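Thank you for making time for this today. I would like to walk you through one structure, so please have a look at it before I begin.

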Amino acid sequence: MKNKETAFMKLLHGAVVFLSFLLIVLYPSAVQAQTTQLTTTVPNQITVSLQIIGDGIVMLNGKYYSTSAELTLPQNAPIRLTFTARQPDTEVKVLYKGKAVHMDGAYTATIEKCADGDTLRVEFIQQQIPQTGDESKNFILILLITLSTIGMLWMIKFEKEETDAKIS
Amino acid sequence: MKKMLTITLAVLMLCTMVVPAFASTTSLTTTVPEATYTLNIPADQEIPFGKTKMDIGNITVSDSAGFAEGKDLQVTISYDDFTAEGVDTTIPYRLYLAADDSYTGNYSSTSKALTSGTAILFEGKTNGAVAEKVVMDTNYSQGGQATQLSISVVRFYASSEDWGKALAGEYTSTITFTAEVVVSE
């Protein structure tokens, strides 16, 4: 009889503990949580060799390069290039796999797709400033003025010598 | 018989005894209504590969009511790096709260880093609601007080280097917004 009572009490205690647990778990909490899921896909990547000839900076997909480098780029994604020449009167020429790339502007170009192991060459070519005719004209003018001055000085000196000779 | 009679009389005497003090009670009850509100968070979205800066939406509160005076709504934001199943690399990123910078024209003065675990506060108003947007202090002051601006957007930042280091795969990251009513400090 006593054993039965003890078992009943144990059962009762267990039920109380279980109900308390349920109450805690199911009680509407004042704290609420919501989530936002961000996703992104990183594509397979390829290696492209960038060669820079001349004095300039190449910006490629947000990174700056002033010397040749091996680039790791996403596959099947367009590459946008921006160029900054360090010297004035510089022309930029872009060659991809040895062929000239059409420029979007004077200092931007886009390559739609690159393949693994390809070479991209950027040349900063400083333009030769052509000689204008003005400089030779100036030279002749200076030469004439110099010759005239020498001639005048020589004439003055000659006249002075003649006058001195007459006086004496 | 005598004993029985004595006990009966004693009981009767006790029952009829006049009590000089009376106690009566009045119960006062009250119910504090639960504050109600709608927390609006940025939608699930795809971040394009290589994107270093992107506005992902704003955190706002609408239809708020029942906030007793001195109560605010606190939202804790937590997030982890992008991870992908079966890929070892992760892509770390940062979130910033940014106010409309047209006022100052200077972005750096109107943004606040939102590191994981940061709590932001929607301040309670006298009408029982809370502010719809989070307000932040700027570096600019007017009349000796820092100019305050409302947050207009949550900005995502990831560096080009970290994008470059990531191995190919489908990455995900979850931002958790945990809201609770708190007592104003």
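**Aromatic rings in chain B**

Let me begin with a cluster in chain B, where ring pairs link B:Y79, B:F82, B:Y93 and B:F156. Please keep in mind throughout that this is a predicted model.

Over all chains, the structure holds nine aromatic pairs. One of them is formed by B:F82 and B:F156, which meet edge-to-face, with 6.2 Å from centre to centre and 70° between the planes. What does this pair tie together? B:F82 lies in the loop between β5 (71-79) and β6 (83-84) of chain B, while B:F156 belongs to strand β11 (residues 145-157) of chain B, so the pair ties together parts that are 74 residues apart in sequence. As for their surroundings, B:F82 is buried, with a relative accessible area of 0%, and B:F156 counts as buried too, at 0% relative accessibility.

There is another pair to look at in this chain, that of B:Y96 and B:Y157, whose ring centres are 5.2 Å apart and whose planes stand at 75°, so this pair is edge-to-face. This pair links distant parts of the chain, since B:Y96 sits in strand β7 (residues 94-99) of chain B and B:Y157 in strand β11 of chain B, 61 residues apart. Both B:Y96 and B:Y157 are buried.

Before leaving chain B, I would point you to B:D63, which is found in strand β4 (residues 60-65) of chain B. Its phi is near 50°, a positive value in a residue other than glycine. That deserves a remark, because most residues other than glycine have a negative phi. Is B:D63 buried or exposed? With a relative accessibility of 64%, B:D63 counts as exposed, because the cut-off for that class is over 50%.

Now let us turn to chain A, beginning with its strands. Here we find an open sheet of four strands, in the order β4-β3-β6-β9 (chain A), with antiparallel pairing. Its edge strands are β4 (63-65) and β9 (108-111) of chain A, each of which pairs on one side only. From one strand to the next, the twist averages 25°. Within this sheet, strand β3 (residues 56-60) and strand β6 (residues 79-85) of chain A pair in the antiparallel sense over five bridges, and if you look at A:V58, you will find that its bridge partner in β6(A) is A:F83.

Next comes strand β2 (residues 45-53) of chain A, which pairs with strand β5 (residues 69-74) of chain A in the antiparallel sense, over six bridges; there, A:V48 stands opposite A:L71 in β5(A). In which sense does β2(A) pair with strand β10 (residues 119-126) of chain A? That pairing is parallel and runs over five bridges, with A:Q51 standing opposite A:R121 in β10(A).

Chain A also has a residue with a positive phi that is not glycine, namely A:D89, where the value is near 50°. A:D89 has its place in the loop between β6 and β7 (90-96) of chain A.

Finally, let me take you to the surface of chain A, where A:F139, A:I140, A:L143, A:L144 and A:L147 make a nonpolar patch of about 520 Å². One of these residues, A:L143, is found in helix α2 (residues 133-167) of chain A, and A:L143 is partly exposed, with a relative accessible area of 44%.

How values were computed
Residues numbered from 1 in each chain as written. Chains lettered and ligands numbered in written order. Predicted model: local features only at pLDDT ≥ 70, side-chain atom pairs only at ≥ 80, totals over all residues. Heavy atoms only, no water. Pairing = 2+ DSSP bridges. Helix = DSSP H or I, 4+ residues; strand = E, 2+ residues; numbered from the N terminus. Axes fitted to C-alpha atoms, helices over the stretch in contact; angles between N-to-C directions. Patch = residues over 30% accessible without salt bridge, like charges linked within 9 Å, V, L, I, M, F, W, Y side chains within 5 Å. Areas by Shrake-Rupley, 256 points an atom, 1.4 Å probe, with all protein chains shown as cover. Salt bridge = Lys/Arg side-chain N within 4 Å of Asp/Glu carboxyl O. Buried < 20%, exposed > 50% of the residue type's maximum accessible area, 1.4 Å probe, protein only. Phe/Tyr/Trp six-rings, centres within 6.5 Å; stacked < 30°, edge-to-face > 60°.
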